[in-house]
Amino acid sequence: MRRAKISIIGAGNVGATCAHWCAVEQLGDIVLLDIPGDMADMPRGKALDLMESSPIFGFDSNIVGTNDYADTADSDVVVITAGIARKPGMSRDDLLATNAKIMGLVCEQVKKTSPNAVVIVVSNPLDAMVQRALQVTGFPPERVIGQAGVLDTARYRTFIAMELGVSVEDVSALLMGGHGDTMVPLASCTSVGGIPVSQLIKPERLEEIIDRARKGGAEIVGLLKTGSAYYAPAGATAQMVEAVIRDKKRLIPCAAYCDKEYGVGGFYVGVPVIVGTGGIEKIVELDLNETEQAAFKKSVDAVKELVGAMAKLV
Ligand SMILES: NC(=O)c1ccc[n+]([C@@H]2O[C@H](COP(=O)([O-])OP(=O)(O)OC[C@H]3O[C@@H](n4cnc5c(N)ncnc54)[C@H](O)[C@@H]3O)[C@@H](O)[C@H]2O)c1
Ligand SMILES: O=C(O)C[C@H](O)C(=O)O
C-alpha cells in the first residue's frame, strides 16, 4: 500500500511546523513547497533538516522541499499556509488583499496537480481565504476545509485547564463562528470531566476566559512581535490531516461551507463537523439558544462582509 501524500504549500512557520507534526505522527510522505527567488532553497533546507530528525523520532516519512508543483502531484491532502502573517497593530483582515492574490495563485496550481485532494486552508483571514480556495479550485465544498476551530478550541481548553488546575485531557469544549474577534465559544458545550463548566467556573470569570480565547491570536502576535502563532496552529492542522488520512471521523470545529446549514447561505464559517477520508463528511447542526444564535449571526455577518470586500479585490 502506498503511503499517503501530504503537500504543504508555504514552508514558513506554520507550514514547516505542521510538516514536523505530520512526520512525527507518521501520517505520510510530505512535500514542502515555497516560492522561487532568493529563498528558493529554503524548503529544501527545512525538508532535509526534518529528514535528519527521523532517526531521533523514528519516522520513515520521506520529506521533500521544492518550488515545483509537479512534486506535489496527486497529493491526498494539500495544506495551504502560503501568505503573509500579521504583526502587532494589524488585524487578520488587513491581510485580505495580499493573501487573496496568493491564495488564487496557489489554488490554480493545486487544482491542476492534485485534483482529488482534500484541501485544508490555514492562511488568514481564514474564512475568506477558504472561500477563495473553493472558488478557484472548483472542488466540492466537502473537500475544501478551513482550520481555525481546532486551534481556537484548544486555546479555550488550555485556559480552562489552567484556571481549574486540571488536565487538558478532561476539558471538552466547542467554538463556532468566524476566526476573528466575533468567534462564539459555547459555554453550553463546555464540560470538564463530564461536569458542565457552569458548575465549576463563575459566569463572570468564564466570560474573561472566553474573551482571552477570542483574542488568543493577538496575544501571541503581541508577544512574538515578528509574526503570529505557529506551534498550536500547526498542531491543530496536523490533527485535521490525521482525521482525513486515517479516516478518523473526528467531530471537531472547522470552517465548513454552510448553505442551508444554520441558515448561513453559502459561506464558510466555523461549525462542528465530522472529518474523515472524504473531508467534511457531515455538518452537525446544534440547537443554539437565543444568545448563542445572535452571537453566531453577528460572526457570520462579519464573514460575509469580508468576503464581500474580497470580491472587489480579486
Ligand atoms: N487559521 C489559523 O488558525 C492560522 C494560524 C496561524 C497562522 N495563520 C496564517 O497562516 C499564514 C502563514 O503563517 P506563517 O506564520 O507560517 O507565515 P510565514 O511568513 O512564516 O510563512 C508563510 C510562507 O508562505 C510563503 N508564500 C508566500 N507566497 C507564496 C506562494 N505564492 N506560494 C507558496 N508559498 C508562498 C512565504 O514565502 C512564507 O515562507 C498567515 O496568513 C497566518 O496569518 C492562520
Ligand atoms: O492571530 C493570527 O494572526 C494568527 C492566527 O489566526 C492565530 O489565531 O494565531
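Here are two short exercises on a predicted model, each with a worked solution.

Residues are numbered from 1 along each chain as written, while chains are lettered from A and ligands numbered from 1 in the order written. In this predicted model, local features need pLDDT of at least 70 and side-chain atom pairs count only at pLDDT 80 or more, whereas totals for chains, interfaces and linings use all residues.

**Exercise 1.** Work out where ligand 2 lies relative to domain 1 and domain 2.

*Solution.*
- Start with the neighbours: 13 residues surround ligand 2, and Arg86, Arg92, Gly217, Ser228 and Ala229 come nearest (near means a C-beta atom, placed from the backbone, within 6 Å).
- Next, sort that shell by class: six residues are nonpolar, five polar and two charged (Gly counts as polar; Asp, Glu, Lys and Arg count as charged).
- Then look for the main contributor: helix α8 (residues 216-224) gives five residues, the largest share (helices are DSSP runs of H or I, at least four residues; strands are E runs of at least two).
- Finally, bring in the domains: domain 1 (5-146) and domain 2 (149-311) both supply shell residues, so ligand 2 lies between them (the bounds come from an automatic or database domain assignment).

**Exercise 2.** Describe how domain 1 meets domain 2.

*Solution.*
- Take the separation to begin with: the C-alpha centres of the two domains are 22 Å apart.
- Count the contacts: 37 residues of domain 1 touch 36 of domain 2 (C-beta atoms, placed from the backbone, within 7 Å).
- Now find the leading element: α5 provides seven residues, the largest share of domain 1's side.
- Close with the classes: that side of domain 1 holds 22 nonpolar, five polar and 10 charged residues.

Key: Two residues are in contact if their C-beta atoms, placed from the backbone, lie within 7 Å.
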